[in-house]
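Hi there,

Here is the structure I promised to pass on to you. Have a look at it first, and then read my notes underneath.

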Amino acid sequence: MIYYNDIAQALNDLSIQEKKAFYPRFFKTGKGEYAEGDEFIGVTVPDQRKVAKAFWKEIPLEELSLLLSSKIHEHRHCALLMLVAKYEKSKSEQEKQNLVDFYLQHLEFVNNWDLVDNSCYKILGKHCYDTQNDEILWTLSNSENMWHKRMAIVGTMYHIKQGYFELTKALVVNNLNHPHDLMHKANGWLLREMGNQNEEELITFLDVYYAQMPRTSLRYAIEKLDEPLRQDYLKGRR
């Protein structure tokens, strides 16, 4: 069996001092910033993935819980990578439900954009799509917690990949004018992904909502459109 301390040591052995100094600035950990107080040891994501790949099978949920509740950012991220692996490799519906429940029980520790983006759609999004029940994502979208709201919209990435767009559009509208830039980026990003699958769906949506959208959301959403059409949206000519 693999224990929390085994993972912590494996990650610590991969620490890079330059990254340890850089990550707190990159992830906005200063006073009043969105990740205030988060701590880093300087392990790159590729190295975290190597650790997760090596140990996900053997670490039980009790030890994964300790890792996911750690004050160290890389511990939490690696824990989520292992949780995703467990979910994706599970062949039991009951085990998948247990892993979804585990994720929901630890939402307070999924508290930065990378933690959200690399885990939520692969677990919560897939679960909601497979069960044809979007209640979890709607509950998160209506939460007062910004990270929960981001989980909701990013969770629809799985739906988009399956060619289903209605939930993405509804959840974007639900938080269209949220005050935080991280939500503006997430909404625009998911709309862009929808457009990559079906440009007509994106254009139809934008024609209704583009004038109301924060500029950041709009710029993200229209990034892949032809330049004349991009300019029409940017200059309010649609």
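Below is what I found about its pockets.

This is a predicted model, in which local features need pLDDT of at least 70 and side-chain atom pairs count only at pLDDT 80 or more, while totals for chains, interfaces and linings use all residues. Residues are numbered from 1 along each chain as its sequence is written, and side-chain values use heavy atoms, with hydrogens and water left out.

A quick word on terms: a pocket is an open set of points, on a 1 Å grid over the protein atoms alone, where a 1.4 Å probe fits, with protein on both sides within 12 Å along at least five of seven lines; lining residues have an atom within 4 Å of a point.

The largest pocket has a volume (the space filled by probe spheres set on the points, which are joined across faces, edges and corners) of about 260 Å³. Its lining has 13 residues, and Trp113, Arg150, Leu182, Lys185 and Tyr220 lie nearest the centre. Two helices (DSSP runs of H or I, at least four residues, numbered from the N terminus) give two or more residues each: H7 (113-117) and H13 (181-197). H13 gives the most, with 5 residues.

The second largest pocket comes to about 220 Å³. Among the residues lining it are Arg49, Trp56, Glu88 and Lys122. Helices H3 (45-55) and H5 (73-89) each supply at least two lining residues, and H5 gives the most, with 5.

Enjoy exploring!
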